[in-house]
Structure formats: C-alpha cells, structure tokens
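Open the model in your viewer and keep the selection box handy. We will move from place to place, with a stop at each.

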Amino acid sequence: MISNVREVNFDGLVGPTHNYSGLAVGNVASMSHGGLESNPKEGALQGLLKMKSLMEAGYAQGVLPPQQRPDIGALRDLGFSGSNHDVLARAAADAPQLLRAVCSASSMWTANAGTVTPSIDAPDRRVHFTPANLQSSFHRFLEPQTTGRVLQAIFHSEQHFAHHPVLPATPAFSDEGAANHTRLCGEYGEPGVHLFVYGRQAFGDVRSGEREPVRYPARQTLEASQAVARQHGLVESQTVFAQQHPDAIDAGVFHNDVIAVGNGAVLLYHEMAFLDEEGTLDELRRKMTTPLIPVRVPIEAVSLEDAVASYLFNSQLLSNPDGTMTLVVPSECQEREAVWRTVQDYLLAGNNPICDVVVKDVKQSMRNGGGPACLRLRVALSEAERAALTGRVLLTNDLYEDLTAWVNRHYRDRLAPDDLADPQLAEESLSALDELTQLLQIGSVYPFQLG
C-alpha cells in the first residue's frame, strides 16, 4: 500500500467555441440539441462552479485546459487554403459540417482524454497515461496530440509519470479512454482491479454469446482495451474485460460511464450495463482483494430511456474520510420521477456506502451529452506525485477566481452553429488560450504556440 494517496478529479474547462452541432452519432442528447444556440460562458462557469464546490467539500480537484479551436490546421490538411479568414469562409460555404467539427469543444469531457493507471498497480511504480485515439468520430480524433502534450506538460516528472503513445487510429483499436475504464479497490493506495468495458471485438473469433449493437456503433474495442493494459504493465490478475450490453448502446449508451460508475469497492450499475452481468461480477470478486460492493439498479426501477435522459450513472461517486460515499448527479435526475425516486428510496436507503447525493447544474454540457462524470479524468496520486505536478493546475480559491475572471473576459454568452465561421471568434479563442496557458503555468502546448 502507498500512503497519502488521494484521487484528484481533473475537470476539463469548457472551451470558448462550445456549441451544439449534433456531431456525436449514438449520443442522444448531442443529436437532439444539434443546431440550437449554446452559451459558452455559462457552460464554463457551470463547470468551474462544480469544481469549486467539490474542492470546498474537501475533494481534490484539478483543471485541464480545452483544445485549440477552431482547428484551422485540420481544415488546411483537408485542402482549404488562403488566410485564416479565407479558410473559415470556404469551409463554411463548402463543408459546414467540417467547420462544425473543427470547432467542437468536446475536450471538456476529459473522461475521454485517456486511461490512467496509478503507481501502486504499475510494475515500475509510476503513474501511467495513454491518450485515447477517439478515432470513432472526426471531431474527437483531432484531440489526442494536444491532449498528450497537455498531460506531459502537467505530469512531467519522469521519476513519477510514464506516458505512452496513442493507439493506432484504426477501427480495430478504437479507444475512448477512461469513459470505458473503472478501477475498483479498497483504499486508493491499495492495489486495484481494472475493469475495461468494450463494445465489440475486432480480431479473431468472437467470444461465445457476444453480439454487437445494430443501431449505433460500438466505440471501444476489446483489442484497444487489451493494448492499453499491456502498455501500463497490467497483468491478467489485475484486469477484467467485459462487453457492454449491445442493447444499451443501441439505446444511446455510447460509453460505459453512461450506464455504470465505480469507486473504491462500489460498482453502481444498471441491469443492462454488461452483456454477461454475472460473469463480470464473479471475475471481479475473484480478483479483488477487497470484497466487491455491487449496487444494481434494475430496469423496472430505471428504464434505459430514463438512464440516458437523466445521466444517473454518469455521476461522480466520491469517497469520504468516514468510509461513506457521495454521489454527484446532474440536475436532470430530479426531473425524472422514476430516477429521483430510485436515488432517494433505493440508493440512499440501500445497504451500501452511498450516504449523500449532491445535485449540480451542468446543463450546457448535458445538452451535448456529457454529465458530471464525463467532465473529469480521475488520477490517484500520492503526496510525492502531487508535489511533482507542473503548473498551477490544482484548484484553489485564487485559481478559481482567476479562471472565472478569465472566462468573463473572453467568452461569449451566445453561439449558434452559423457563428463558427466568424474569424473574430477564432481570434478570441486563440487569445484566450494563450492567456490560459500562462495562467496555468504549463508552457506552450497548442499548435499555434509551437509554430
């Protein structure tokens, strides 16, 4: 066991180009809100307020910067030329969907930034990172290179941190990061078991009884999950690979973190989360050194439709010093009677460590299909590892005030998809990001800063 280990939730800042373009196939909220006006300022402030409230409640909270958007370099790679103004104008006229993709602020959902293995589980006793390739959608495929630079800038010490290359960006190794990965353990500093959840298998004979979704694509492959585990030095006794239920994917559960959330020894999950529910639980029980505490929500209590609409399972499950846990849910959970009744009468009243539920308003993110759990990357760090972080990225009251003032200076309070062609928006965004890297003290991480 490693002492003084704390889980730090690194939330992604909502970027200046946050918009509703309906880009994510299989993400019901994203598709249903496509074309509506967004409020980037409100979105960023909602995210910051969530971070601040959790920090004040005693949870360790970090910050990750957004991506450079619009990604004019990507448009140039696709044949658009001329000045930045010309590139944006031509893309808006000839390929508006491409313009919307290169303006996406989807990096706010840092659960997709990558997969993390804490040092207690790694053979070299370093924290391991693999950025997700996100190859299943173009607007997210643009993220990994900058994500890798950001992670290496913050987790820079080679003594404490190890960084791995992005997996090959092919359908066979489709990787969506920690949104399909859960670590279950006793205390954070004790060895854990890593639950990797995948939607399909790319190579070889499909495992007995497995099948794929038919309506929406499965974004994570077994082969990608296995490759990340190998990169991090995880062995068979430390890993469980489970297939997500294809019917859940077809209902809009595009990532496992929309249907299940784990923390410590608790696995809170919907009945339809895993294709082989009992087999998954049995393997976890065999491999965990701490008894598994499964908290199963039956479909009779919460339908798949309600689970997707409320994002009950895309909540943050946080450990308290007294051994209890707090569930941080989006306000949409209160708007669904069956969901809120389940929270009150089943989760809080049940025989499990969940003793408190905190409601947060993250509607700007929710309308694009990302709840509280999407907005954070969980990194378990020892005291020495926290001290080795580079930059000003652990949230304090001073940093919160500085980031809030930064948002108010640079962000618009209204953005429609047609506004994305405005060259002034691009200038505003680059100016804001340049100032942000100085505020966070992480150096040059963006393409425009690197020439």
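Here is a tour of two sheets, some helices and a loop residue.

This is a predicted model, in which local features need pLDDT of at least 70 and side-chain atom pairs count only at pLDDT 80 or more, while totals for chains, interfaces and linings use all residues. Residues are numbered from 1 along each chain as its sequence is written, and side-chain values use heavy atoms, with hydrogens and water left out.

**Stop 1: the sheet with S1**

Select strand S1 (residues 6-12), strand S2 (60-64) and strand S15 (376-381). Helices (H or I, at least four residues) and strands (E, at least two) are DSSP runs, numbered from the N terminus. These three strands make an open sheet in the order S2-S1-S15, with mixed pairing; two strands pair if DSSP finds at least two bridges between them. S2 and S15 are the edge strands, each pairing on one side only. From one strand to the next, the twist averages 30 degrees.

Now zoom in on S1 and S15, which pair in the antiparallel sense over six bridges. Which residue in S15 is the bridge partner of Phe10? Leu377 is. Next, add helix H2 (residues 40-56), which packs on this sheet and touches S1 and S2; contact means heavy atoms within 4.5 Å. The direction of H2 makes about 155 degrees with that of S2. Such angles run from 0 to 180 degrees between N-to-C directions, and axes are lines fitted to C-alpha atoms, for helices over the stretch in contact.

**Stop 2: helix H7**

Select residues 144-154, helix H7: eight of its eleven residues are buried (under 20% relative accessible area; exposed is over 50% and partly exposed in between, with a 1.4 Å probe and protein chains only). Among the buried ones are Pro144, Thr146, Gly148, Leu151 and Ile154. To see what covers them, show S2 and S15 again, along with strand S4 (127-131), helix H6 (138-141), strand S5 (161-163) and helix H17 (447-450), all of which are included in the cover.

**Stop 3: the sheet with S10**

Another open sheet of three strands has the order S9-S10-S11 and mixed pairing. Its edge strands are S9 (260-263) and S11 (293-297). Neighbouring strands here are turned by 10 degrees against each other on average, direction ignored. S9 pairs with S10 (residues 266-270) in the antiparallel sense over four bridges, and Asn263 stands opposite Val266 in S10.

Two helices are worth adding to the view. Helix H10 (residues 277-287) packs on the sheet, touching S10 and S11, at about 175 degrees to the direction of S10. Helix H12 (residues 337-347) lies across S10 and S11 and runs at about 140 degrees to S11.

**Stop 4: H15, H16 and the loop**

Select helix H15 (residues 397-410) and helix H16 (residues 423-440): they pack at an angle of about 170 degrees, with their axes 10 Å apart. H15 and H16 are therefore roughly antiparallel to each other (angles over 145 degrees count as such, under 35 as roughly parallel, 65 to 115 as roughly perpendicular and the rest as oblique). The residues in contact include Leu403 and Trp406 of H15 and Ala432 and Leu436 of H16.

Last, pick Gly391, in the loop between helix H14 (383-387) and H15. Is Gly391 buried or partly exposed? Gly391 counts as partly exposed because its relative accessibility is 33%. Leaving out residues up to four places away in sequence, Gly391 touches Leu440, Gln441 and Ile442.
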